[in-house]
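Here is a short briefing on charged side chains that pair up. Look over the sequence and the structure, then read on.

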Amino acid sequence: MSRLPNKDNGTGLTRRGFLVAMTAAGVSFGFPRVAFAAMDPATDDGQPLPNAASVYEPSLWYSIDSAGKVKVNIIRAEMGQHVGTSIARILADELEADWDDVEIIHVDSHKKWGLMVTGGSWSVSQSWDIYRQAGAAGRTALIEAAANLWGVPKRLCHASKGQVICGKKTISYGELIAQGVNRQFTEAELKSLELKPNQELKLIGQQVRGLDINNKTTGQTVFGIDAKIDGMVFAAPILPPTRYGSKVLSVDDSAAKAVKGYQQTLTLADPSNTVPGWAVVIASSYYAAKKASELVKVEWQAGAATKVSEADIINHGRELLKDASKGAILDTGDSNTEPVFAQAASTIEHEYITDTVLHAQMEPLNALVFQNEDGVWEVHSGCQWQSLTLPVLSAALQVPEDQVVIKAYMLGGGFGRRLNGDYTIPAALASKALGGKPVKLVFTREQDLEFDSPRSASLQQLKMAFDANKQVIAMEHHATAGWPTEVMIPVFMPKGTNDQPYDPFAIAGADHWYSVGAQKVRAVSNDLANDTFRPGWLRSVSPGWVGFAVESFIDEAAHHTGTDPLAFRLEHLKAEGRNAGSGPIASGGAGRQAAVLKKAAEMIGYGKQLPKDSGIGIASTFGQERNMPTWVAVAVQVKVERDTGLVHVEKLHVAVDAGIIVDPNGAEAQCQGAALWGLSMALYEGTKLVNGKFRDLNFDTYTPLRIGQTPEVKVEFIKNDYAPAGLGEPAVTPVAPAIANAIYNAVGVRLRKIPMTPDDVKAAFKA
């Protein structure tokens with residue numbers, strides 16, 4: 001927390017002039033000059049804003065200065081995925097910038113940036129067109145400026161590596177800016193600009209220097225937990241017995257007063273109802289605040305969830321699914337399955353369960369909040385969804401949203417936890433109680449996990465109907481879990497064909513690309529889960545557990561028909577009708593999913609002879625959403641110890657079709673990390689609710705995958721010219737079912753719950 005210089009050591013920094021982070025090589029966390037923004041798509045008339053003479057801003061997304069430096073504005077959170085380098089590369093390629101002149105700026109939460117959210121593997125995919133247009137605008141303007149300067153037709157000029165060239169004449173972008181460039185573009189003009197043909201892209205798909213790699217590898221990167229400001233005090237939270245409905249009845253801090261540095265204990269009043277029943281200990285240091293918080297005695301009136309268990313959530317979900325009138329029916333083209341099942345020659349039906357999973361990111365939650373000299377509330381913290389968090393902060397502080405700003409920091413792991421900005425609220429309330437004084441609140445590891453917005457436990461029931469020839473004629477998928485979108489931003493929920501709203505992030509993956517005849521997908525909210533904890537979006541979100549059910553069930557269907565599981569899948573992945581796909585990302589549909597399956601099978605040697613109790617399993621998904629599919633297939637090789645129940649994953653091979661790969665290094669790292677995360681959740685991660693709280697609160701009992709348990713991992717990408725899809729999460733999704741399928745092939749037992757623990761394996765042998 002002492003990496004930032006302050007006023008006391010002679011740097012002259014004041015609260016007003018506080019910089020969010022310092023930069024050493026090409027990246028900064030700061031604030032571009034708002035007054036110089038040249039193009040703001042969020043303005044009502046879509047007209048560009050004024051520019052300045054020494055800085056040219058062809059669009060909202062970047063500027064070029066008279067030294068030729070290109071500063072790209074990044075609205076996505078950085079948590080190790082190199083998102084800034086990927087997005088800047090898209091722009092720089094179209095701009096024909098010299099990569100050595102490119103820098104990135106992580107911006108604050110100003111409304112002009114539009115929707116600010118980093119999740120869903122959307123960052124690169126959703127930036128592809130916007131940043132290419134922005135880059136093309138700059139290239140066009142600079143070529144025009146040079147042509148005018150030389151008195152030649154612009155068609156005779158071209159741009160390359162930060163220069164405009166016409167015959168033997170050359171001029172740098174910086175020199176042109178110094179002479180004055182003011183060409184601006186309307187939104188319509190931006191969209192009509194001619195982009196470079198894909199085959200002429202020079203940076204996309206090539207290895208280039210990571211713009212923030214120096215800071216990351218030299219320890220100069222500044223995380224939220226490093227934030228510091230003159231005069232701040234520290235806060236340690238005291239969590240109530242239940243997430244909702246708790247009320248502080250009394251506080252006794254007599255013992256805490258003996259702690260040097262202790263100042264007071266606050267009982268938070270929260271108009272947003274995000275942190276009901278919280279107390280916060282204020283002290284002059286973090287350690288004093290933490291030590292004092294352990295001595296403060298608080299008496300609560302607890303909420304209603306004090307006795308709720310994991311089994312209660314699952315049993316309640318089972319009761320909910322029994323009522324066919326509950327839930328939303330998704331549009332699958334033909335959901336009228338009842339008459340088909342009525343005439344089926346045979347059917348299969350299985351139930352799948354997943355336990356609660358915690359985020360357990362390495363950097364515990366934290367936030368630094370104060371009211372600056374302009375009366376604006378500044379929130380300094382890593383955040384994945386500023387547009388969701390700002391309204392909650394506004395409600396908690398009871399001020400207009402434009403009186404609150406979130407300043408960007410590096411995240412020490414996000415994985416969806418920091419989509420929910422609830423952790424900023426107690427710091428804001430504490431600061432308000434102290435008259436706007438800077439308050440830095442830091443959670444302990446245990447408090448972080450106890451306060452988590454986890455992936456909810458889930459229950460899924462799948463059915464399939466076959467004709468007399470064992471051909472698939474219908475399928476049903478009924479799923480229930482806690483719904484994060486319903487709890488935090490219900491306006492994001494679409495409606496099903498029965499006019500009932502549903503959380504797309506709690507059912508995505510069930511509307512798969514297999515041709516199965518009539519298909520019903522029903523999503524039901526588990527209200528008991530919603531009332532007990534705050535369900536969250538965890539990396540890969542529902543496809544992480546929906547994919548487990550679908551791909552395990554498809555495997556079981558194959559065995560029911562006596563067909564090889566790979567052949568069965570390929571037989572039902574027909575690029576026809578709605579499964580043909582459409583648009584720049586989804587075109588090719590089921591045919592592309594079939595291709596990655598074949599590739600994964602080839603990579604691992606599917607069908608080869610293996611030692612006793614070893615097996616290969618295969619599974620495939622489309623990542624997350626049907627309109628932005630990333631086709632992924634995973635093949636694993638496992639060995640099962642019958643006496644201990646241990647499952648050893650020896651090989652994990654991943655085939656991916658995500659369209660154009662913007663950042664090859666980053667893409668491979670994303671897929672490796674995602675696949676290992678999938679493995680971790682399949683065998684090692686997961687907790688349970690006990691008396692309304694999560695059972696595991698630290699890494700002594702919550703045990704993600706260790707390095708020594710990591711198998712051989714190989715990733716291969718399918719090359720093509722489709723627009724980029726997402727890569728942060730999709731490789732999570734097929735891993736668990738591939739392992740379950742491999743276990744079945746190795747030892748003949750079928751596991752229908754994750755995590756698949758050694759006890760589960762041994763119990764399956766006895767069943």
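Which side chain meets glutamate 378 in a salt bridge? The partner is lysine 407, with 3.7 Å from N to O. Keep in mind that this model is predicted. The structure holds 42 salt bridges in total. Three of them are described below, among them the one just named.

**Glutamate 378 and lysine 407**
- Glutamate 378 sits in strand 17 (residues 377-380), and lysine 407 sits in strand 18, so their pairing ties together parts 29 residues apart in sequence.
- Glutamate 378 and lysine 407 are both buried.

**Aspartate 93 and lysine 196**
- A salt bridge joins the side chains of aspartate 93 and lysine 196, at 2.8 Å from N to O.
- This pair links distant parts of the chain, 103 residues apart.
- Aspartate 93 belongs to helix 1 (residues 83-95). Lysine 196 lies in the loop between helix 4 (187-192) and helix 5 (213-218).
- Buried or exposed? Both aspartate 93 and lysine 196 are buried.

**Arginine 418 and glutamate 363**
- The side chains of arginine 418 and glutamate 363 form a salt bridge, with 3.5 Å from N to O.
- Here, too, distant parts of the chain are linked, 55 residues apart.
- Arginine 418 is in the loop between strand 18 (404-407) and helix 10 (424-433). Glutamate 363 is in the loop between strand 15 (346-354) and strand 16 (366-371).
- Both arginine 418 and glutamate 363 are buried.

**A shared network**
- Which residues do salt bridges with shared partners join into one network? They are Asp93, Glu96, Lys196 and Lys202.

Key: Residues numbered from 1 in each chain as written. Predicted model: local features only at pLDDT ≥ 70, side-chain atom pairs only at ≥ 80, totals over all residues. Heavy atoms only, no water. Salt bridge = Lys/Arg side-chain N within 4 Å of Asp/Glu carboxyl O. Helix = DSSP H or I, 4+ residues; strand = E, 2+ residues; numbered from the N terminus. Buried < 20%, exposed > 50% of the residue type's maximum accessible area, 1.4 Å probe, protein only.
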